[in-house]
2 protein chains.
Amino acid sequence: MKSDTEIADSTVLEEIDTIARKAGIPVENLFHYGPYIAKVPLKLIDDHKAKKSHLILVTAITATKAGVGKTTVSIGLGMGLNHIGKKAIIALREPSLGPCFGIKGGATGGGYAQVLPPERINLHFTGDFHAITSAHNLIAAQLDNYIFQNRAEGSGLKNILWRRVMDMNDRSLRQIVTGLGGLNNGIPTEAGFDITPASEIMAILCLSKDMEDMEQRIGRIVVAHRYNGEPFTVNDLGITGPVLALLRDAIEPNLVQTTEYNPVLVHGGPFANIAHGCNSAIATRMALTFGDYVVTEAGFGADLGAEKFFNIKCRQSGLRPDLTVLLATTLSLKMHGGVPEADITKPNREGIVQGFANLDKHIENLQSFGQTVLVALNRFTSDTDEEIELIMRHCEQKGIRCVVNNAYTDGGIGAADLAHAVVEEIENNPSRPLRFTYNDNDSPTAKIEKIAHTIYGAGEVVFSQKAEKKLKQIKNWNLNHLPVCIAKTQYSFSADPKRYGLVKDFQFTINDIELNAGAGFIVAIAGEMLRMPGLPKHPQAHQIKVVNGKIEGLY
Amino acid sequence: MKSDTEIADSTVLEEIDTIARKAGIPVENLFHYGPYIAKVPLKLIDDHKAKKSHLILVTAITATKAGVGKTTVSIGLGMGLNHIGKKAIIALREPSLGPCFGIKGGATGGGYAQVLPPERINLHFTGDFHAITSAHNLIAAQLDNYIFQNRAEGSGLKNILWRRVMDMNDRSLRQIVTGLGGLNNGIPTEAGFDITPASEIMAILCLSKDMEDMEQRIGRIVVAHRYNGEPFTVNDLGITGPVLALLRDAIEPNLVQTTEYNPVLVHGGPFANIAHGCNSAIATRMALTFGDYVVTEAGFGADLGAEKFFNIKCRQSGLRPDLTVLLATTLSLKMHGGVPEADITKPNREGIVQGFANLDKHIENLQSFGQTVLVALNRFTSDTDEEIELIMRHCEQKGIRCVVNNAYTDGGIGAADLAHAVVEEIENNPSRPLRFTYNDNDSPTAKIEKIAHTIYGAGEVVFSQKAEKKLKQIKNWNLNHLPVCIAKTQYSFSADPKRYGLVKDFQFTINDIELNAGAGFIVAIAGEMLRMPGLPKHPQAHQIKVVNGKIEGLY
């Protein structure tokens, strides 16, 4: 089989206007970034039309080092739906530059299920991440300047909450001291940088309904505490306008195409631990406006990504999926079944059977939202027919359809079975009305406990003193109604990344609480959360070069 | 008269393909950023054709707080040339985000001599500055990671020379300590951020001939010293490829239009003190390929901008201007004549006469390069006819043409006289062959002394011990052939910003030397150089807002 790069290079792209026309998107108002990428104006969103279309969420069992290929399956399913004659649009997150130069490489699918042109989508794209970085750092610079310029009379501020961001893996910037070298250089301050996907501005962009809503959200961001205990916001700083100006174009979703010329909206890319890990609600609504079927995904495993997709993204946007596709592989099931990583490509029935506990818990969780669940098996070359059969029988016994996906090797036709199954399930067995895990008027403590008990299977939920103090403050500020975004490891139902498979009745500790008043959620931190990745000893960057104007080694 | 914003808003732009066609630029290979902005591919540069066209440099007398409107005059002259039937293209620098939110506001001209669309050119534009920021910071992250990953055996590096950049005015980032909080966060290091226009990557982009040349230059950047005294470069770090990949699109010049639909290439924007302060050589060569006349400008006054334009940009690129336009205003002449800022709008013959010394020195300097000089007077409403007459007579006595420019109020027709004069001078009295201030094989010390004596009018030139040590190192590395880029204040011929007018026989001290081996020059620092501006008490940002999708208050 050809490499990802060979497949991408040998695909003669269609002009994006052609892709748009096929999707019924009027081309007059597209804003082009060259021939193959365009921004679609917000005004084209029609929520009335969108409500008639079918939304499909792709999520996965708990992540392991084996990887499951969620993006590739999402792209493949979209291609498969188009292949069987349905009008389907895919809505995905944008890649960050950090992983491109770090460990992971690009994030535009793989094999015959890719989003193109990958060397543009992975690098700079339409500048959305750069705009978010600038907007975020403008707030930081203006906040520091406010404190500096008002130093004589006193700024009235304590507890500066706003860090800076950079779209780069740079561990040295995690914890820094700024303002050194004398008064002309500002006031010495403990500070730090997160990677751009961890920016609250990113979460805001992904949850905003329109420009007005984004303006409101930006204005509400709490950047510091006042000495009198009240929040100090971006509105108080007087710079909501310029922040919005920097994001005016970034809020519009980006249209690209798959290896089979199907439309894809790639827009926004928040972290899936300290943020909600889904592409923008705007892009999903735009996709639903023009597609009869829309495939979207949520980051990490279903306990993190899907839970936030439902309880945060769906709650804030009104989106309602008709079906959830839960992705599994023989390799990841074996890892959850206790098979050592070195042995997972060897046939191992018992390992798979032991791994079912993880799969079953995710199915149960997704059903708790009222979702019809369909299991997709992303087939790897080492899989035996017997192993596949074993998983299918297990699902059948639970009344769950299970379908093999071969889009990576075969493109849309390789996902035709999956696409047919999805369409049939939506027709014959659609999801029930969405049930959230908690209500708006539950206290944040109750919300966290409900997620921990229901979704993670935790026993006792413990709050640190720090967390309790911050929850009290949030209550005082009348923000108890916000949903919660739990930041925990993607490698386990628990907060311990080493506990694979199914974990039960563990103690679950919330160490800290952060308020993202602009994004509109309360972050509950369980365990150490890395917001700025580091680089490995041999970074991916070393593989990247430009040959005759083409970028090689990126994906 | 309408405001800049009203004029820009009321101009119905032509599609950029129309602008390109009129200029004879093939539109098939343009890379569009919406309907009004496009990148022009490098392969269209034809140096043979370019050599037949006429290059005009716009520079100015020493900067004062009064401002002279150099960009507005450059745009106006280009419009004037088109107005009188010449095929003229303007080549300008790109604005930085920093000043947009700081003191100055945008940088796209003013009145009826603007470059459009200003709200895009001033914010994000085609992402060139963001690409340069990413490329610069990728080197920083990979360098820190190299030291971190090799900490056990030792990296062999000392004297880390590479800082980080951000396109923002943020004084707090000038001097920082990174890598705090334990070993996982790297190794504690003194570090800092410059604004993106101060990046060596910016200077490289602006001086590169093509992709291959840019690759060579990136590879040559010295990021640290080895313990054995040798340089450690980006090539040694093994990341020339990914840095080049990030800049692949940024190297192509950006085509936009004036308020009268004339073509403008806006590309690159290096500082004019610690870098050479001109738009990219690529853009100038592209403009000369398609225009019979090309108007370009150099930053700050002629002692800084024009000197570097000739001795660095022309030397490295082979560009040769046919004429230099030296810009003056009654206001700035009065300031140089010792009139207090508060009084410069009042008529004052004696003040202007006293200010001629500054004008005359710049004329003499420009003539030392072999240039035919034409003085342009940018007329302000407070100017009296008598004052204008006085300046014109002064120039006449020196055998220099002096023409009033009214492009700000009248557009191209207001610069028609200036345009006619420029064309006539080029025909009848063209510049002599370019004479550099120094030769490649002069020592760096001799180069600095020649500039200081000839251009600045300095007496003794003194080198600090630190500077001498670094010059010795440059000699050991066989880099004595590089040109020098003197970093000094723009407000005086001397290194003291308070010494207006003409200053003579002052002692000129070089405090420090920096090697920009990639850009291909040696920076000699005279006085304190700010590479990261701060914000004022009432930043421009507070004026900026988005109203019905339009950005207001930016320019």
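**Entry 1: A:Lys22 and its partner**

I looked up A:Lys22 first and found that this residue is partly exposed, with a relative accessible area of 49%. I note that the model is a predicted one. I then asked which residue forms a salt bridge with A:Lys22. The partner is A:Glu14, and the closest N and O atoms of the pair are 3.2 Å apart. For A:Glu14 I read a relative accessible area of 23%, which also makes this residue partly exposed. The class is close to its limit here, because buried means under 20% relative accessible area.

**Entry 2: A:Arg401 and A:Glu424**

I turned next to A:Arg401, whose side chain meets that of A:Glu424 in a salt bridge with an N to O distance of 2.8 Å. Where do the two residues lie? I located A:Arg401 in strand E19 (residues 401–405) of chain A and A:Glu424 in helix H18 (residues 416–428) of chain A, so the pair ties together parts that are 23 residues apart in sequence. I recorded A:Arg401 as partly exposed at 32% relative accessibility. A:Glu424 is partly exposed as well, with a relative accessible area of 34%.

**Entry 3: a network with residues of both chains**

I then followed salt bridges that share partners. They join A:Glu119, A:Arg120, B:Arg248 and B:Asp249 into one network.

**Entry 4: A:Asp9 and A:Lys550**

I looked up the total and found 57 salt bridges over all chains. One that I examined is formed by the side chains of A:Asp9 and A:Lys550, at 3.2 Å from N to O. How many residues apart in sequence are the parts that this pair ties together? The answer is 541, because A:Asp9 lies in helix H1 (residues 4–10) of chain A and A:Lys550 in strand E26 (residues 550–552) of chain A. I noted a relative accessible area of 42% for A:Asp9, which is partly exposed. A:Lys550 counts as partly exposed too, at 32% relative accessibility. As a general remark, side chains of opposite charge can pair when their charged atoms come close.

**Entry 5: the two copies**

Finally, I compared the chains. A turn of 180° with a shift of 0.0 Å along the axis lays chain A on chain B with an RMSD of 0.0 Å. The two copies are therefore related as by a two-fold rotation axis. I also asked through which surface the copies meet. I found that 100% of the interface residues of chain A are also interface residues in chain B, so the copies meet through the same surface.

Note on methods: Residues are numbered from 1 along each chain as its sequence is written. Chains are lettered from A and ligands numbered from 1 in the order in which they are written. This is a predicted model: local features need pLDDT of at least 70, side-chain atom pairs count only at pLDDT 80 or more; totals for chains, interfaces and linings use all residues. Side-chain values use heavy atoms; hydrogens and water are left out. A salt bridge is a side-chain nitrogen of Lys or Arg within 4 Å of a carboxyl oxygen of Asp or Glu. Helices (H or I, at least four residues) and strands (E, at least two) are DSSP runs, numbered from the N terminus. Buried means under 20% relative accessible area, exposed over 50%, partly exposed in between (1.4 Å probe, protein chains only). Copies are superposed by least squares on the C-alpha atoms of residues with pLDDT of at least 70 in both. Contact means heavy atoms within 4.5 Å.
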